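Here's a quick tour of a protein–RNA model. Have a look at the sequence and the fold, then read on.

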Amino acid sequence: MYSYPISDRIHSSTGRIIMLDRALLRNETDRVRLAAENKGEPCPIDEWLELDERRRRLLGETEELRRRRNELSNEVSSLKKDMDGDQAKLIYNLSRESKETGRRLAAIEKDLKAAETRMSDIELYFPNIPDPDVPVGNDESFNRIVKSAGEKPSFDFNPLPHWELLGELLDSEASGSITGSNFILLRGWAAWLQRILISWMMDFNSNAGMEEVWVPFIANRKSMTSTGQIPKLEYDMYHIEKDDLFLIPTGEVPLTNIYSDSILQDKDLPIRLFGYSPCFRREAGSYGKDTRGLNRVHQFEKVEMVRMVKPENSEVALEEMTAHVGEMLELLNLPYRVSLLATGDLSFAASKCYDFEVWSAGQEKWLEVSSVSNFRGFQSRRGGIRYRPAAGGKLQYVHTLNGSGLALPRLMAALIENGQTESGRIVLPEILAERTGIEILG
RNA sequence: GGAGAGGUGGCCGAGUUUGGCUUAAGGCGUACGCCUGCUAAGCGUAUGAGAUUCACGUCUCCGAGGGUUCAAAUCCCUCCCUCUCCGCCA
């Protein structure tokens with residue numbers, strides 16, 4: 001038996017936060033169980049089923065008592081209207097029964113509430129269900145490479161890793177004394193290159209018709225729960241205890257939560273957003289692995305894209321976003337490959353995800369620079385993001401997607417390593433050279 | 001940080017003084033229909049969400065939580081958020 005902490009500080013103005021459809025939990029228990037198993041997540045379905053039954057029983061009882069109490073109150077009300085003296089006793093008796101009903105009600109409601117709270121807490125721990133075409137496997141070795149593009153550069157000298165090429169422009173002594181290890185401080189042309197890249201990516205996304213958004217870089221507990229960082233990744237985030245706020249680990253959090261607890265109109269969809277943000281990750285437990293240079297750091301810069309679409313359109317949207325990211329990498333002239341993540345590598349909230357890795361010639365390594373995911377109704381359920389279908393009928397949860405376009409430090413690493421000359425200077429890709437009028441750095 | 005004003009359905013907005021036909025008025029929007037030889041306008045009808053139930057139905061929801069009461073959008077307490085002004089400050 002696992003223990004699932006009580007999340008008493010989470011509220012939703014549209015009701016309790018729920019995750020998978022309750023009907024799904026009830027009726028397709030095996031599917032839910034299998035999904036969790038394939039993702040390597042615990043699955044508290046048995047306890048949930050018990051609570052569900054208990055809740056429904058208690059709910060029936062409270063409703064009957066409430067109905068009776070309403071009835072009694074209405075009788076009192078109508079008697080009082082033309083009171084003639086004889087009725088005082090009658091009113092007294094009705095009041096007594098009503099009061100007694102209230103007492104019984106309170107007792108049952110207490111149990112009901114306990115069951116509901118526990119249920120909602122547990123529901124936060126069910127991972128999203130992978131799409132049927134996601135490879136089943138418990139780690140990244142089961143990922144399937146679905147695309148490779150571009151040529152790895154060849155050199156007639158021994159190419160260096162980016163940290164050697166950057167030299168003192170990557171001033172870890174300074175960032176270390178300002179903050180601590182694995183934070184970046186860039187100087188000179190390295191800082192310049194980062195700024196140019198952000199600005200180019202922003203323009204590229206803007207020209208693709210997305211709406212540009214500038215977001216807060218700190219988010220509250222409820223937002224973090226909606227997008228799925230809490231509860232699983234709570235301790236991978238930087239937390240501001242005094243205000244119970246978190247530094248965002250990805251721009252996905254603010255961008256997706258823009259529409260929390262909203263009802264969108266059919267004509268508003270699809271919503272296509274992008275925005276810049278720094279991303280903060282504690283990376284607890286990852287020391288010693290890939291930590292040199294820009295490969296793994298606690299704060300990195302990213303331009304993030306978020307889409308909200310009708311459920312029937314999310315699969316196409318995922319492919320479109322994937323193509324868009326590929327286009328960016330091609331324009332930057334970076335060799336890349338795309339992997340369809342296996343169940344065990346798929347994040348808690350995602351139902352399907354493509355990872356983009358670029359080739360970094362100095363380290364001779366593939367570096368992940370983007371991750372494009374479909375969350376289907378997982379985040380919109382948690383966050384309460386619905387829309388009214390034009391055809392009428394019940395409100396529907398939108399499907400949410402997001403993708404990096406793109407994440408910076410590793411992109412920088414690859415550009416620097418792939419563009420290096422024997423003398424240690426850096427040739428910029430054409431698209432950036434045209435934009436800035438600068439062809440070579442260093 | 002201080003003072004004030006607020007938070008009601010997809011949106012706007014009445015209701016809070018005086019608790020009870022509030023089953024939340026009215027408007028906008030939306031859908032359908034009528035009328036108009038196009039459009040606009042006009043007229044009519046419908047239209048909150050959620051839970052539960054085979055169904056009829058029942059119950060819940062007026063920022064969140066608690067309290068008073070036979071009965072709470074309405075009274076009391078705590079908290080959250082938004083706006084305006086002041087203070088501080090990049």
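Which residue in β5 is the bridge partner of I240? L245 is, and the small print below says how far to trust such details.

## Ground rules

This is a predicted model, where local features need pLDDT of at least 70, side-chain atom pairs count only at pLDDT 80 or more, and totals for chains, interfaces and linings use all residues. Residues are numbered from 1 along each chain as its sequence is written, chains are lettered from A and ligands numbered from 1 in the order in which they are written, and side-chain values use heavy atoms, with hydrogens and water left out.

## The three-stranded sheet

Back to I240 and L245: they belong to an open, antiparallel sheet of 3 strands ordered β3-β5-β4. β3 (218-220) and β4 (239-240) are its edge strands, each pairing on one side only. Between β4 and β5 (residues 245-247) there are 2 bridges; two strands pair if DSSP finds at least two bridges between them. Strands here are DSSP runs (E, at least two residues) and helices likewise (H or I, at least four), numbered from the N terminus.

## The eight-stranded sheet and α12

The other open sheet has 8 strands in mixed pairing, ordered β1-β9-β10-β11-β14-β8-β7-β2. β1 (144-149) and β2 (211-212) are at the edges with a single partner strand each, so one side of each has no neighbour in the sheet. Antiparallel strands β10 (residues 352-360) and β11 (residues 365-376) are joined by 9 bridges, and C353 has S373 in β11 as its bridge partner.

α12 packs on this sheet, touching β8 (299-309), β10, β11 and β14 (399-407), at about 30° to the direction of β10. Contact means heavy atoms within 4.5 Å; axes are lines fitted to C-alpha atoms, for helices over the stretch in contact, with angles from 0 to 180 degrees between N-to-C directions. In α12 (residues 408-418), 10 of the 11 residues are buried (under 20% relative accessible area, 1.4 Å probe, protein chains only), so the helix is largely enclosed by the rest of the structure. Among them are L408, M412 and E417.

## Where the RNA sits

There are 23 residues around RNA strand B, with R26, R56, K80, S98 and K113 coming nearest; "near" means a heavy atom within 4 Å. Of the strand's atoms within 4 Å of the protein, 79% belong to sugar or phosphate. In the side chain of K113, an N or O atom is 2.7 Å from a phosphate oxygen of RNA strand B. Polar side-chain atoms of S73 and R386 lie 2.9 Å and 3.3 Å, respectively, from a sugar or linking oxygen of the strand. α3 gives the largest share of this surface, 12 residues.

Technical notes: Polar contact = N/O pair within 3.5 Å; in protein donor to acceptor, adjacent residues only side chain to side chain. Buried < 20%, exposed > 50% of the residue type's maximum accessible area, 1.4 Å probe, protein only.
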